[in-house]
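Dear colleague,

Please find below the structure that I am handing over to you. My notes on it follow directly after.

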Amino acid sequence: MQKKFKAELIYLSWPLLFCVLIGCGKGFDSDSERKEEVASGEFNAVLFPLNQKYGTYKGWVSLSITENQFWARVKVNGRKTKDMHGQYIHVGYRCPSLKDDSNQDGYLDFIEVINAVGPILIPLDSNLTTQMKGIFEFPKMRRHPFYYYSEASNMQWLMEDLSREDVIHDDFITKLLPNQLLNMDRRIVVIYGVDQERYLPSSVRTSPGYPSQFTFPIACGEVRPGRSELFYQ
């Protein structure tokens with residue numbers, strides 16, 4: 001059974017609660033090579049709507065990176081849905097626009113967005129330790145037209161997973177290249193998902209095995225260094 005997010009409430013995830021209580025990574029002694037792989041700091045993205053025919057979704061993303069911890073927070077406001085919203089950090093450096101609508105059907109679909117922002121690097125799901133363990137568990141909007149997501153991971157475990165060999169080449173998910181830094185100041189965050197009963201034309205393409213509603217892009221933000229005042233609103 002999939003874990004259900006209490007997306008309308010501000011909550012502390014178990015990894016974050018654990019960190020608050022005892023200090024995440026307390027006593028962890030990373031080697032110098034690992035330290036060089038991690039560009040620490042605070043990063044943010046302001047989320048702007050995509051495909052506004054299906055609702056205007058806005059929000060923000062906050063990323064906090066240290067030697068010991070990767071902590072992601074996301075707030076999305078918009079038309080209330082009852083289905084999950086996939087949210088991913090992509091390797092690209094710019095958000096897509098209608099100029100990327102290659103089949104000119106008036107919509108930005110998943111394939112067009114991937115072509116613009118590159119493959120997925122980090123799914124912001126229920127388990128940030130690996131790319132795949134929480135890939136089917138994303139937040140939902142339940143009673144209110146917004147959700148708040150907060151999840152944390154041990155930085156070493158995350159980097160070990162991202163540094164492994166990419167053995168699946170057709171899943172739109174990628175790994176870091178050898179000796180590549182986890183730089184967050186030129187990444188893209190995209191939010192996906194509308195209600196499953198919402199009509200989408202057959203021209204809206206999706207990832208194989210997923211309904212087009214699940215992978216329909218609704219918001220995008222460009223990650224930059226610093227912390228935004230939006231996080232306090």
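The notes below begin with the overall architecture and then turn to the salt bridges.

Please bear in mind throughout that this is a predicted model.

Overall architecture

The protein contains four helices and nine strands. Read from the N terminus, the order of these elements is α-α-β-β-β-β-α-β-β-α-β-β-β. The protein has 233 residues, and 54% of them count as buried. Its accessible surface amounts to about 11600 Å², with carbon and sulfur atoms contributing 54% of that area. As for contacts between residues at least 6 apart in sequence, 75% of them join residues at least 24 apart.

Salt bridges

Side chains of opposite charge can pair when their charged atoms come close. Searching the whole structure gives seven salt bridges, among them the pair Arg205 and Asp109, with an N to O distance of 3.1 Å. Arg205 sits in the loop between β7 (188–192) and β8 (217–222), while Asp109 sits in the loop between β4 (87–90) and α3 (110–117); the pair therefore ties together parts that are 96 residues apart in sequence. The two partners can also be described by their accessibility. Asp109 is buried, its relative accessible area being 0%, whereas Arg205 is partly exposed at 33%.

The pairing of Arg205 with Asp109 belongs to a wider arrangement. Asp109, Glu112 and Arg205 are joined into one network by salt bridges that share partners.

A further residue to inspect is Asp161, which is buried with a relative accessible area of 8%. Its side chain meets that of Arg164 in a salt bridge of 3.3 Å, N to O. Arg164 counts as partly exposed, at 45% relative accessibility.

Asp161 also forms a salt bridge with Lys175, where the closest N and O atoms are 3.4 Å apart. This pair links distant parts of the chain, since Asp161 belongs to helix α4 and Lys175 to the loop between α4 (155–162) and β7, 14 residues apart. Is Lys175 buried or exposed? At 15% relative accessibility, Lys175 counts as buried, because the cut-off for that class is under 20%.

When you open the model, I would suggest viewing the two sites in turn: the network of Asp109, Glu112 and Arg205, and then Asp161 with its partners Arg164 and Lys175.

With kind regards

Key. Residues numbered from 1 in each chain as written. Predicted model: local features only at pLDDT ≥ 70, side-chain atom pairs only at ≥ 80, totals over all residues. Heavy atoms only, no water. Salt bridge = Lys/Arg side-chain N within 4 Å of Asp/Glu carboxyl O. Helix = DSSP H or I, 4+ residues; strand = E, 2+ residues; numbered from the N terminus. Buried < 20%, exposed > 50% of the residue type's maximum accessible area, 1.4 Å probe, protein only. Contact = heavy atoms within 4.5 Å. Areas by Shrake-Rupley, 256 points an atom, 1.4 Å probe, with all protein chains shown as cover.
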